[in-house]
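Trainee: I'm new to this one and keep tripping over the labels. Could you walk me through what the words rest on?

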Amino acid sequence: MSEDPGGAAYRIEDLAHRSGATVRTIRAYQDRGLLPRPERRGRANVYANAHLSRLRQIADLLDRGYTLASIKELLEAWDAGRGLGGVLGLVAEVDGPWTDEQAARMSRAELDERFGGRQDDAAVADAVELGVLEPVPGDEDSFLVPSPQELAAAAELYRAGVPLSAISAHLRELRGQVEHIASRFLEFTTEHVFARYLGERPPSDTEAAEAASLVRRLRPLAQQTVDAELARAMRTFATRHLRQHLAKDEPPEPRKEVRTVEVPAATMRAVERLVGVDRAAEFIALAAEREVRARTLDRLAASHSKANIVDETP
């Protein structure tokens, strides 16, 4: 298993919480040689993302029916660069962290201080439900923060005057939309890039290594695309929003009187075929206006002709 320099650092309790394994199970895997020993830093044992990926691989292989003895052989083959190394390497690449951001640990006192210095149990419960905070097993006064940036954004919104309940509601709505974007991106890349690796037979080591390389290359594209599109949309809507608010001080334009007129369905369908559904109402209004103007011109011309006839009478 490769080292993970500069990556996330976990205590064994944090590693157990994030992996779904118990502390006892993690220690048992270490004793059986399935999981490398943690790094010793001072008086503490520290685990890395590589340990988390290995625990998830073991869980996946157990779900597929492998015994611990067989899993040990597979993992040893992978570490030695033999056997299913390519496949397991692809699994590790997909299952690894999709962000450079590192999780942080925060006490309840520090959390309260970030949000105005008062306790709000309902807001904390919301944050736990949303996964913004994760309780630390055996330590009721601490939380694991998977995304410190997300928590910092919430704190900044709160300081700007946004209620915590509104922030939670907005995050729920935003998460659903972002998950849809992620799902569509995966469908898109699977169809056009990864379909050739997902046949009836497992990919060879060479194919799996190639797919893992593609995962590394394509991983940042979704975020880069969303960042660019979000910036474009924010610029467009923020400008429009500002103009709408500035226009409130200007006198409103006089409203035109509008009346509803029944048009035969057959006529309406004919117009829609001619100019399209979206332009049908506009077309009918302009056609009616043109007819009114034509009749007005005819009436003016007729009146002028009659006046000339009267003037020429002896």
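**Reading the labels**

Mentor: Sure, let's start with a pair: Arg-41 forms a salt bridge with Glu-39, and their closest N and O atoms are 3.4 Å apart. Before going on, keep in mind that this is a predicted model, where local features need pLDDT of at least 70, side-chain atom pairs count only at pLDDT 80 or more, and totals for chains, interfaces and linings use all residues. Residues are numbered from 1 along each chain as its sequence is written, and side-chain values use heavy atoms, with hydrogens and water left out.

Trainee: Why is the pair Arg-41 and Glu-39 called a salt bridge?

Mentor: The term asks for a side-chain nitrogen of Lys or Arg within 4 Å of a carboxyl oxygen of Asp or Glu. Arg-41 and Glu-39 have their closest N and O atoms 3.4 Å apart, so the pair fits that definition. In general, side chains of opposite charge can pair when their charged atoms come close.

Trainee: What makes Arg-41 "partly exposed"?

Mentor: Buried means under 20% relative accessible area, exposed means over 50%, and partly exposed is in between (1.4 Å probe, protein chains only). Arg-41 has 46% relative accessibility, so it counts as partly exposed. Glu-39, at 43%, gets that label too.

Trainee: How do you know that Asp-120 and Arg-118 meet in a salt bridge?

Mentor: Their N to O distance is 3.8 Å, and the limit is 4 Å, so they qualify. Asp-120 is partly exposed with a relative accessible area of 21%, while Arg-118 is partly exposed with 48%. Another pair is Arg-279 and Glu-282, at 2.7 Å from N to O. A search of the whole structure finds 16 salt bridges, and a network of them links Asp-14, Arg-105 and Asp-139.

Trainee: Let's turn to the helices. Which residues of α2 are buried?

Mentor: In α2, which covers residues 23-31, Ile-26, Tyr-29 and Gln-30 are buried. Seen down the helix axis, the buried residues of α2 fall within an arc of 100°, so they line one face. That arc is taken from the directions from the helix axis to the C-beta atoms. Arg-24 and Asp-31 are exposed on the other side of α2. Helices here are DSSP runs of H or I with at least four residues, strands are runs of E with at least two, and both are numbered from the N terminus. The protein has 12 helices and five strands.

Trainee: What makes a group of residues a "nonpolar core"?

Mentor: A nonpolar core is a set of buried Ala, Val, Leu, Ile, Met, Phe, Trp, Tyr and Cys residues joined through side-chain atoms within 4.5 Å. The largest one has 18 residues, and Leu-15 and Ile-26 touch the most other members. Two or more residues each come from α1 (12-19), α2, α3 (49-63) and α4 (68-79). α3 gives the largest share, four residues. A second, separate core has 17 residues, including Ala-127, Leu-133, Phe-143 and Leu-164.

Trainee: Which residues is Leu-15 in contact with, leaving aside neighbours within four places in sequence?

Mentor: Leu-15 is in contact with Tyr-10, Ile-26, Tyr-47, His-51, Leu-52 and Leu-55. Contact means heavy atoms within 4.5 Å.

Trainee: Is Ser-147 buried or exposed?

Mentor: Ser-147 has 18% relative accessibility, so it counts as buried. Its place is in the loop between β5 (139-145) and α8 (148-159). Ser-168, in helix α9 (residues 164-194), is buried with a relative accessible area of 9%.

Trainee: And what makes a nonpolar surface patch?

Mentor: Patch residues have over 30% relative accessible area and no salt bridge; nonpolar side chains (Val, Leu, Ile, Met, Phe, Trp, Tyr) are joined within 5 Å, and like charges within 9 Å. Here, Ile-181, Val-226, Leu-230 and Met-234 make a nonpolar patch of about 360 Å², an area that comes from the Shrake-Rupley method with a 1.4 Å probe, where for residues only the protein chains shown count as cover. Helix α10 (residues 205-246) gives the most to the patch, with three residues.

Trainee: How does Leu-230 fit in, and what is its relative accessible area?

Mentor: Leu-230 is found in α10 and is partly exposed, with a relative accessible area of 49%. The patch cut-off is over 30%, so Leu-230 passes it.
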